[in-house]
Amino acid sequence: MATVTASPAATTAGRGAHHASRSAAAGFLLALPPVVVIALFVGVPVVLALAFSVGFTGGLNSVVAAVGQNVHHADGAVPTFAAYGDVFTTPAFWQDLALTLGVTLASTAIVVVLAGGIGLALRLHGGRLARLLSAVAIVPLFIPVVIASWAILTFYSADGFLRSLFAQVGLEAPVWSYTAVAIVIGSAWTSLPFATLMIASGLQSVPDALIEAARDAGAGTARIVRTILLPMSAVPIVIAVTFTAIGVIGSYTVPYFTGPNAPTMLGVSLASYFTAYNQPQQSLVMAFVVFLAAAGIGALYVWANFRSARREGRI
């Protein structure tokens with residue numbers, strides 16, 4: 001009887017494939033717990049909320065449907081968009097949306113300009129002043145948002161410090177409490193530390209040799225910033241812009257404490273619809289509007305990372 005014996009190369013290949021499959025299985029099991037946690041505590045609630053917003057009020061949505069007001073029910077398996085109609089036909093919603101987008105754009109622009117200026121000062125000049133500015137920019141990181149919001153509210157109120165200071169010299173300072181300006185100030189204050197750390201670290205990572213070579217070639221500071229520092233720090237800047245904008249567009253504490261009663265930012269408005277007005281379906285519609293706006297901003301982050309990976313040859 002002939003005996004077939006596997007070659008050493010085939011045996012080695014089989015062992016390698018088995019080891020690779022075991023490593024893949026181990027990696028999958030290690031990554032599974034956080035994925036399961038995210039799916040259970042984020043994914044499932046999002047799916048349930050989306051279903052409830054289009055009228056599927058049974059199952060886990062039955063309790064909130066029973067206690068909520070102005071709840072629209074789907075016709076069997078056919079969804080209803082009546083709740084979306086309730087929200088989108090309300091003029092107050094569009095005013096809230098305009099305020100939310102305006103505050104987000106203004107706050108993000110101010111944060112990026114301030115953080116970029118501090119980062120450039122540290123990268124190009126250094127010195128005590130630049131280090132002092134960077135240290136001051138990090139201070140809001142250690143102050144609770146509630147305390148900062150209350151401080152901003154009282155500082156810019158009609159009887160606050162700013163008005164009292166101006167009154168000493170016969171001037172009249174503006175009152176910014178309970179206005180969109182106060183929201184922008186508070187949003188910029190709370191968002192500045194992260195943006196400063198991100199942009200400053202990105203600028204510091206640019207090699208000195210490139211800057212020195214540009215200076216030797218006769219390039220001025222403005223050209224070095226425009227052609228070297230900003231392009232090579234594009235990804236950290238985009239990350240700072242993305243996280244700042246998403247944080248502002250979904251904020252609640254700062255606009256609740258410092259903003260006007262009407263119009264309000266969508267974070268405050270949807271909370272009011274859920275708690276004060278007891279209209280959970282309509283509040284979920286607003287939440288999905290905020291989600292879509294944040295997803296659009298997040299697409300900028302994905303695009304920047306994709307572009308960076310393609311430029312470095314990783315994809």
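How much accessible surface does the protein chain have, and what share of that surface belongs to carbon and sulfur atoms? The legends below take this up first and then move in on one helix and its surroundings.

**Figure 1. The whole chain, as a predicted model.** The accessible surface of the protein chain adds up to about 18,300 Å², and carbon and sulfur atoms hold 71% of that area. Everything regular here is helical: the chain has 14 helices and 0 strands. Put a box around the C-alpha atoms along the principal axes and you get roughly 115 × 75 × 30 Å. The radius of gyration is 27 Å, whereas a compact globule of 315 residues would come in near 20 Å. Of those 315 residues, 35% are buried. As for contacts with a separation of 6 or more, 69% are between residues 24 or more positions apart.

**Figure 2. Helix H10, residues 221-232, on its own.** This helix has 12 residues and spans 15 Å from the first C-alpha to the last, close to the expected 16 Å. Its buried residues are Ile224, Val225, Ile228 and Leu229. Looking down the axis of H10, these buried residues sit within an arc of 130°, so they line one face of the helix. Flip to the other side of H10 and you'll find Ala222, Arg223 and Arg226 exposed.

**Figure 3. What the buried residues of H10 pack against.** Three helices take part: H4 (91-124), H8 (180-204) and H9 (208-216). Zooming in on Ile224, and skipping its neighbours within four places in sequence, the contacts are Ile211, Ala214, Arg215, Ala219 and Leu229.

**Figure 4. The largest nonpolar core, with 19 residues.** Ile199, Ile224 and Leu229 have the most contacts inside this core. Two of these names should ring a bell: Ile224 and Leu229 are among the buried residues of H10. The elements giving two or more residues to the core are H4, H8, H9, H10 and helix H11 (234-249). H8 gives the most, with 5 residues. As a bit of background, nonpolar side chains tend to be buried together in soluble globular proteins.

**Figure 5. A second core, separate from the one in the previous view.** This one has 17 residues. Among its members are Ala83, Phe93, Tyr273 and Ile297.

Technical notes:
Residues numbered from 1 in each chain as written. Predicted model: local features only at pLDDT ≥ 70, side-chain atom pairs only at ≥ 80, totals over all residues. Heavy atoms only, no water. Helix = DSSP H or I, 4+ residues; strand = E, 2+ residues; numbered from the N terminus. Expected span 1.5 Å × (residues − 1). Buried < 20%, exposed > 50% of the residue type's maximum accessible area, 1.4 Å probe, protein only. Arc of directions from axis to C-beta. Contact = heavy atoms within 4.5 Å. Core = buried A, V, L, I, M, F, W, Y, C linked by side-chain atoms within 4.5 Å. Rg over C-alpha atoms; globule rule 2.2 N^0.38 Å. Areas by Shrake-Rupley, 256 points an atom, 1.4 Å probe, with all protein chains shown as cover.
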